[in-house]
Structures are given as C-alpha cells and as structure tokens.
Amino acid sequence: MKDHTVIVDRDEETLALHFAPVFNVAVPFIDRHCSEGRAEKVAIRTNQGDEVSYRLLAENVNRCGNALLALGLVRGDRVILIVKDCAEFFYVFWGAIKAGLIPVPINTLLRAKDYAYILADSGCKAMIYSPEYTIEVQEALAQLEPRLAHSICVEGGNNSLRTLISKSSAKLEPVAAAAGDDCFWLYSSGSTGSPKGAVHRHRDMVVSSQFYGIEILGIREDDVCFSAAKLFFAYGLGNGMTFPLWVGASTVLHDGRPTPQSTFETIERFKPTLYFGVPTLYAAQLQTLATQQPDLSSVRLCVSAGEALPADIFNRWREETGLTILDGIGSTEALHIFISNRVDDYMPGSSGRVVPGYQLQIRDDSGQGVPTGEPGRLWIRGDSTARCYWNNPEKSKQTMVDSWLDTGDTYFQDEDGYFYYCGRNDDMMKVGGIWCSPFEIEAKLIEHYEVLEVAVVGRADAVGLIKPEAYIVLKNQPESLDAITEELRKHCKEGLAPYKYPRQFHYVAELPKTATGKIQRYKLRVECQHID
Ligand code: 3UK
C-alpha cells in the first residue's frame, strides 16, 4: 500500500478500513483531489461570494501549514481556532494537520472566561481568530498567564493570517504520521462547566465520512452540502467539511447566524443537495413556511442531530416540503453520527438504527446488557471515537472503557431494532442542539445581588424542544417582577454564551431539597409553587 492511502473493504455485513502505515489524513482529504482530476472543481462557496477550487484549497492549506511552522511551532503543538465558517477555517485546520500540528476548533459563541479556560487547558502555542470575536478574545488573552505566544487575526493588518498565507510557499510535504496518531481535538462541555478536549486521531474523520457520509447519506461527488450547524461543532465539521471533502463534492459556507431567513436564502442561492439542521431550526423554519414558499427543490435529503427530533416536526416538514429529515445521534467524542434513520428505513420519533461500523450496548447500572425494550445507558464502540480527554485521566477512565465509549444517554431499543432516546444521565441539556449546563446558568444568576437561591431545569416547549427555565428565591420582595426578570435576563445574556439564558423565570418561596440539601431538580420539572 502506498503512503497516505485508505482501502475500503465492504461486504453485505461489515465494513473495514485499512490504512497505509504512513498516513497523514490531509493527503486523502485535500491533496488527492488534484491528482484525481478535480483541481478546477469548486470545493467551497461562501455567502461572501468566495469560490475556492480544490487546487486553491490545496495551495492555501500548504501556505497556512508553512506559515504556522514559520512561527516556530513544532509537532504536536496545539493551534486554537476561534474562526467563523469561512475558507480560512479549512486552511488552518488542514494546514496544521499536514504540518503535524493539532488544530482545536472551538465554539465561537463563548465568552472571554470560557476562552481563557480552554486556552490554558489546551496549552496551545497559537490561536487564530476571526475579527468578529476580537473583544472576547482580547479579554481572554489578558487573563492568560503566561502570555500566549501567537494570537493571529484572520484578516486586517500586516500580521493577519491572510498576509502570512500570501507570503508563504504553496508547497509543503505532509508530516509522516500514522492512522492512530493524535490529529485534532474538539472541546465538549461538561456538566460542571469545564469543557473537556476530546482527542481525535488521523483515522477518525475517514471512519465517519465512510461509515455515515457514504453508507447512510450516500454522499457523492455531485452533492452540494450546506450545514446550518457551524464547523466548530463536530456535527458541522462533518457535514460542512469532511464529508464533502472525502468524496470531492462542494460545500456552502455561511458566516452569519442560522435563522429561517438566512438558511432559506442560502438554499435558494446555492442550491445544496444535502441540508443539515437542528430541531429548533426546523421548528422555526416551519413557522416561516406558513407565510413564505422558498424554493427548496435542489435538496434531496435533510438531516437533523444535536437533540432528538420530535416526530411532529418530522411529519410537518414532510407535509410542507416533501422532504425527509434523517434524525441521527452523534457526539463530539464519537466524532459523528452512530445511530441513524435512513432514506428507505426511518421511524419518526426514533434515532433510527446502528450505523455500519459501530457497535452499541444498552447497559443497566451494574453494567449488564438490558433486555429489548428496557431503557439503559448507551455505550458505543467504533473506530472514530476519541482516544481520551486531554489532561483528564479520571474522566477518560470513566468514559472510555476497553474501547467502549459511555455516551451519557439513556436509550431503549424496540423489537425492530430502532433506538429511542429517553434523556441524559446527568443534568445537562441541549438547547438548539448546543450543550447547556444548568450549573453554569445558576452560577451566573447567583452572582446577582437580588438572588438568594436558584435552580435551572430544562423543560419541553410546545413542540417538544427543551429550553432552560430558572426557579428563583429572591432576597427581597421586588417592586416589579417584570423589571427584575428583565434585569436577570440581561445579566445572563451579558455573562454567558447567548443561547444560555433562561426563557422563563419562576419566583418561588423555596426550592425543593433532599435531607442533605441537594436541590431536587426533577421535582421542579414537574411542578412549582409560584408566588407571583
Ligand atoms: C445529544 C441527541 C437525541 C445526546 C453531534 C451529530 O450533538 C452532537 O454532539 P455533542 O457532543 O452532543 C452529544 C449529545 O447530544 N444528541 C445528539 N444528537 C441527538 N439526542 N437525538 C439526537 N439525534 O445527548 C448526545 O450524547 O454536542 C451530533 C454529529 C456529531 C455530533 N458531535
């Protein structure tokens, strides 16, 4: 086998991938397309009007890799990306990998405090950021001790990434890596508020592209992908970058907020064939469809993940658009989707069946498999799962056991093999497909001088999607509950990522607690005593 190649063995039942002993994943994802005759094909289109061919992509990946090496970075050094969806995201991500560095894309919706934590935890040597995030980034850098060696803005000025790229050579030899070597990290939120870096290997993106991208989506060279979920999420990274690059297809990037308006406009303008959303966005888009009829005729298939897709949204979307939404569950640790519905085999309200290449087990509290129909904790095994959490042996030991991964989710499987989501095993919730820790929102609210005690829980809205709600014991009876609510909402929005504020505030005389003083959040989900 030649260097950097993958051989796919597929029969009816199983799928096996064989990697060359010398394997840098940037070669099959980026360089291969030029040698396979796709150099002039458009790889990336953006809402800013950019068009990047596979040739230009390969050259700019090399330039970017050279620019990072010229800073003095050495093999294994981490490069943080706080970068919006744009072509430079691709250049930094793949340039780093090709040069033997570890790219670490992070959520661009976070705040200075979160960035400071991740910058310190990762021990990164460089950080690349889009100009939109300058204020939060500078505040994070000011908190860092020792100072970060290199922070580089994508554009503007003589030291911007664009300038560095333009001055660097378009030739770069890939670092000789192995399929099992560390390649990139993705941070996942923890219930106690500190994100954990999931360490992924060179082979992982190949595995998810082949197993989910090709086997489930049937992605082909003539597809055009558009992911409303951003590239910094493992979900968006697969949808909007790795899957299209694996088969030489095209991707459409939008650097703004995904709203019904912006997503419909993007679909009409760029005519994607595969559209990737999250349940809250599908629900909002359905509302818009009541008054507008965007042309969605280019789309052959829709995908949903991040949180469970209610059957009602699936059904109404089909009625309105004629399109099927494939719900599937994935995770940052698994890299992408491992249980999914299929075009010719789906069950509304279910996550579907196992994706080829993965194994699943539903276990009871003692670790034994449960009978069909019984809920239990879902464990998965597959070759795309993270090797460990960076710098966190305790959490790694609990979560990654004998090549199995604990998803933290409760599931049951029915007689026909469909898997049904029953909830998390911790207090974490998904809001708009993004992690939200109740403890983090509580910590913010308790900072406010009028708040004595607080508990935050997730509650399903009218269409069955979870939203955070706060139960608050105030120190003093306020003159106006509306005014205090407005103030608390503002307080949250200023100090937390924008999607993390409570949608409802309930004022209560006391919170339900156990004998040992632990708040009983499950009781709040059921009922509460209002004083308003
Ligand atoms: C929940 C779902 C029910 C579940 C992700 C697709 O969401 C992704 O990764 P995260 O690390 O979160 C993982 C957790 O989110 N979840 C995700 N999808 C579903 N619950 N139905 C679903 N369809 O709790 C899971 O453990 O943010 C999704 C691809 C890659 C991903 N990283």
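**Exercise 1. Work out how the residues lining the second largest pocket divide into nonpolar, polar and charged.**

Solution. Begin with the classes: Ala, Val, Leu, Ile, Met, Phe, Trp, Tyr, Cys and Pro count as nonpolar, Asp, Glu, Lys and Arg as charged, and the others, Gly among them, as polar. With these classes, the lining of the second largest pocket divides into 5 nonpolar, 1 polar and 6 charged residues. The residues concerned are V27, D31, C34, R55, A58, E59, N62, K98, K171, L172, E173 and P174. A pocket here is an open set of points, on a 1 Å grid over the protein atoms alone, where a 1.4 Å probe fits, with protein on both sides within 12 Å along at least five of seven lines, and lining residues have an atom within 4 Å of a point. The model itself is predicted, so local features need pLDDT of at least 70 and side-chain atom pairs count only at pLDDT 80 or more, while totals for chains, interfaces and linings use all residues. Residues are numbered from 1 along each chain as its sequence is written, and side-chain values use heavy atoms, with hydrogens and water left out.

**Exercise 2. Find the volume of the second largest pocket and the element that gives the largest share of its lining.**

Solution. The space in this pocket is about 260 Å³, where a volume is the space filled by probe spheres set on the grid points, which are joined across faces, edges and corners. The elements giving two or more residues to its lining are α1 (26–35) and α2 (54–70); helices (H or I, at least four residues) and strands (E, at least two) are DSSP runs, numbered from the N terminus. The largest share, 4 residues, comes from α2.

**Exercise 3. Describe the surroundings of the ligand, starting from its closest residues.**

Solution. The ligand is surrounded by 22 residues, of which D327, G328, T332, D409 and K430 are the closest; a residue is near a molecule if one of its heavy atoms lies within 4 Å of it. Next, take the polar contacts, which are pairs of N or O atoms within 3.5 Å. An N or O atom in the side chain of D327 is 2.8 Å from a nitrogen atom of the ligand, and a backbone N or O atom of S331 lies 3.3 Å from a ligand nitrogen. For T332, an N or O atom in the side chain is 2.5 Å from an oxygen atom of the ligand. On its own the ligand has 610 Å² of accessible area, and the protein covers 96% of this, with areas from the Shrake-Rupley method and a 1.4 Å probe. Finally, β15 gives the largest share of the shell, 4 residues, and the shell as a whole divides into 10 nonpolar, 7 polar and 5 charged residues.

**Exercise 4. Decide whether H4 and N391, each with a positive phi, are buried or exposed.**

Solution. H4, found in the segment before β1 (6–10), has a positive phi of about 65 degrees although it is not a glycine. Buried means under 20% relative accessible area, exposed over 50%, and partly exposed in between (1.4 Å probe, protein chains only). H4 has 13% relative accessibility and therefore counts as buried. N391 lies in the loop between β20 (388–389) and α12 (393–399), and its phi, too, is positive, near 65 degrees. N391, with a relative accessible area of 54%, is exposed.

Note on methods:
Polar contact = N/O pair within 3.5 Å; in protein donor to acceptor, adjacent residues only side chain to side chain.
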